[in-house]
Amino acid sequence: KQVEALADQRVVAVSAGEQHNLTLTADGAVWSWGNGGQGRLGHGDTQTQLLPTKVEAFAGRRVVAVSAGVYHSLAITANGAAYAWGEGEDGCLGHGEDLSNQLLPKKVEAWAPGQ
């Protein structure tokens, strides 16, 4: 069944995690929905979203790729920057010694453009 909340968007990529989904639209926006535990949806909280909701943290940036893990999410912007959010346990977000859960997308400094 078509995801009605995205009917007026041109979807160019999707990624399904264990309990959440990410969608990338042609305008470079990221949409997420599902279980918001650990902050994996990137909306600044841990709330479950029953409908696709735009990840406002990417306003002003053009995202070109997304990937949903089990408890975390990743995105790459047009300038080559990588962002990770969700569960930080075991270092899966790539934020070095910061193993905390990230409720909003946070740039992975090890992959910062120009490095």
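Modeller: Ground rule to start: a polar contact is a pair of N or O atoms within 3.5 Å; within protein, one has to be able to donate a hydrogen and the other to accept it, and residues adjacent in sequence count only if both atoms are side-chain atoms. This is a predicted model, where local features need pLDDT of at least 70, side-chain atom pairs count only at pLDDT 80 or more, and totals for chains, interfaces and linings use all residues. Residues are numbered from 1 along each chain as its sequence is written, and side-chain values use heavy atoms, leaving out hydrogens and water.

Biologist: What makes the side chains of Thr25 and Asp27 a polar contact?

Modeller: They are joined at 2.5 Å, and the limit is 3.5 Å, so the label fits.

Biologist: Why is Thr25 called buried?

Modeller: Its relative accessible area is 2%. Buried means under 20% (exposed is over 50%, partly exposed in between; 1.4 Å probe, protein chains only), so Thr25 qualifies.

Biologist: And why is the pair of Phe58 and Tyr83 called edge-to-face?

Modeller: Their ring centres sit 5.4 Å apart, with the planes at 85°. Rings of Phe, Tyr and Trp (its six-membered ring) pair if their centres lie within 6.5 Å; planes under 30 degrees apart are stacked, over 60 edge-to-face, the rest tilted. So Phe58 and Tyr83 pass on both counts.

Biologist: What makes Phe58 and Trp85 an aromatic pair?

Modeller: Centre to centre they're 5.7 Å apart, with 65° between the planes, so this one is edge-to-face too. Phe58, Tyr83 and Trp85 form one aromatic cluster.

Biologist: How do you know whether Phe58 is buried or exposed?

Modeller: Phe58 has 4% relative accessibility, so it counts as buried. Trp85 is buried as well, at 0%.
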